[in-house]
Structures are given as structure tokens and as C-alpha cells.
Amino acid sequence: MTYVGEFAAIGAAVVWAGATWIYGQFGHRFSALQLNIVKGIVASGMMLVVMPFLPMPDLELSPAHFWVLAFSGVIGIAIGDSAYFASLKRIGANKTLLLESLAPPLSGVLALTFLGAALTLQSWLGVIITTLAVTFVVFQPNNSGEKTAWSGIGFGLVASVCQASGVVISHYALVAGDIPPLLGALIRLSVGVAAVMLLIPWVERKPFSSMVTNLKSMHSRDKLWLLSAIFVGTFLALWLQQVALKHANPAIAQTLIATSPVFILVIYALKGERVSRNSIIGTLVALGGISLFFL
């Protein structure tokens, strides 16, 4: 398929929007680092279960490509996802997802600088429109009239920068080493969660015991919801993301993944939650900017 990478990116956007909404329901139970560890361990286990049933080419993974993927996991998973969850707790799902939409211009600059993957003038126009629309929505007051928390914006920007950097680094390793997307996702995720587990004792008091206690105290229904979020948002979304990065330009793939805010608006509508007119307009304008990549 000509656009297999692009379709995979859109699929990742859909499942990530649903998972982000679910993750937002657990912000009061876990810290950002704890939630990153839980989802990383469970999703890594899911990938290990699935891999034996998928066709895998004969592959001799070079140490260089492994360490490139590992480094991208530390940047994108350990730092980026932790910042993402911290932003999610402070400013909500829609604005956090929109801030991640700023990753495409960063990916474009990084890809142009390090990989020579230049974009057309029309693609850059799409990136600019998307960025302006995201900025407009993020600084809108929330439903209660409160201004957006600067700390949430800061964490969201950190997540965006880490996402862009991890995307470009991962794209290089996947293409240069011809690495299967699921294997690449597993390496990134496992190394990323290991880095968080090494870090968390230095920034939180008794993090593992409180994390286990919170898990045990959860109702079966809540555990099922969290498991669903991990399956679609980490296992499936990360897999689709790796497919997109291997078969599409990094900036284009990341821009399509950034359509998640459109799908989160649909989720809000289905749940009967109020969405401001400015948020809808800004999100649709951002989608219009993204569509320039296909015209």
C-alpha cells in the first residue's frame, strides 16, 4: 500500500485519543511516573505474548541500532510520556493532545537537519497553520473559566519536544536497520520503563509500595478500564506509531498522529461533556493544516 505509514499514523491517533481519555480518569490514583511504569510493564508483556505469533524476518540486530532505539526510548517514553501524564493531570486530555501537535514542526526541523528528509513548502504551510491553531486552543480558559495552568503547558511542551526527538531517532534505527516495528516498539518501551523505574525512587517516597497498594485497592471495573487503556494506548498505538515511522516521513507521520484532538472531541460529545466553540474551531483549523500534507 502506498500510504501504509499514513494509515497507521491515523489509526494510532484514534486509539491514542481513546486511551488518553481513560488515562485521565486515573490521574488521582497514580503519579505521572507511576502511571508510566504501570502502562510500560503491562504493554511490554502484551508485546512479548504477541511477538511469537507474528512473522519475523531473520534479523541480526546490531548493537548500534539497539542503542539508538534504547536512547529514543529514554527520550520519548521515559521523559516524554512522564511529562505527558503530568500535563494530562493539570490541563486535561484535549489541551495535552493539542500540545503534542507541536511535535510535527520539531520533527520536520530535526528530520531536515539530521536525515535530509526535506518537506515541501505546502507541507510547511500545513505545519504553521497547525501550530497557530494549537496555540489558540491551548490558551483558552477551561469549562470552569479558569486559565490554563502554566505547569501543564510546560509539561506538555516537554512531552512534545521529547516526542519529536524520539520519533526522528527511532525512524533512523527502524529504516537503517530494517527492524520490525513491533520489535522496535518493545525495545523502546522496555528501556524507557526501566529508566523510569531507576529514576522514581529519587523523586518520590516509597513509590513502588504505594503503586502496588493503589492497584490492589482498585475495583475490578477500574482495572479493566486501565488494562483497556494500556492495550489500545500503549501496545496498539505504539505498534502503529512504529509502522508509521518506518513507512512514512517522520514529520508527516507525527502530524497525522497529532489528529488525536479531533477524536477526543468526538469522545467528549459522546460522553455529554461540554466543548467550547473556540476549541472546536481551533481543532478543525489544525486538522485543515494537517490535511495539506495530502493535497
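This is a short tour of a predicted model, from the whole chain down to two residues.

**Whole chain**

Start with the cartoon view. Colour by secondary structure: the protein chain has 13 helices and zero strands. Read along the sequence, helix follows helix from beginning to end.

Now switch on the surface. The protein chain exposes about 13500 Å², and 69% of that comes from carbon and sulfur atoms. Of its 295 residues, 53% count as buried.

Next, think about contacts. Take those with a separation of 6 or more: residues 24 or more positions apart account for 88% of them.

**Stop one: L245**

Select helix α10, residues 220–247. Pick out L245, which lies in this helix. Is L245 buried or exposed? The residue is buried, because its relative accessible area is 0%, below the 20% cut-off.

Show what surrounds the side chain. Setting aside neighbours within four places in sequence, L245 is in contact with V167, S170, H171, L174 and A253. Add a distance label from L245 to H171. Their C-alpha atoms are separated by 5.4 Å, although the two residues are 74 apart along the chain.

**Stop two: M197**

Move to helix α8, residues 181–203, and select M197 there. M197 has a relative accessibility of 32%, so it counts as partly exposed; that class runs between 20% and 50%.

Which residues make a nonpolar surface patch with M197? Add I41 and F208 to the selection. Together, I41, M197 and F208 make a patch of about 240 Å².

**Last view**

Show both stops at once: L245 in helix α10 is buried, whereas M197 in helix α8 is partly exposed.

Note on methods
Residues are numbered from 1 along each chain as its sequence is written. This is a predicted model: local features need pLDDT of at least 70, side-chain atom pairs count only at pLDDT 80 or more; totals for chains, interfaces and linings use all residues. Side-chain values use heavy atoms; hydrogens and water are left out. Patches are made of residues with over 30% relative accessible area and no salt bridge: like charges are joined within 9 Å, nonpolar side chains (Val, Leu, Ile, Met, Phe, Trp, Tyr) within 5 Å. Accessible areas come from the Shrake-Rupley method with a 1.4 Å probe; for residues, only the protein chains shown count as cover. A salt bridge is a side-chain nitrogen of Lys or Arg within 4 Å of a carboxyl oxygen of Asp or Glu. Helices (H or I, at least four residues) and strands (E, at least two) are DSSP runs, numbered from the N terminus. Buried means under 20% relative accessible area, exposed over 50%, partly exposed in between (1.4 Å probe, protein chains only). Contact means heavy atoms within 4.5 Å.
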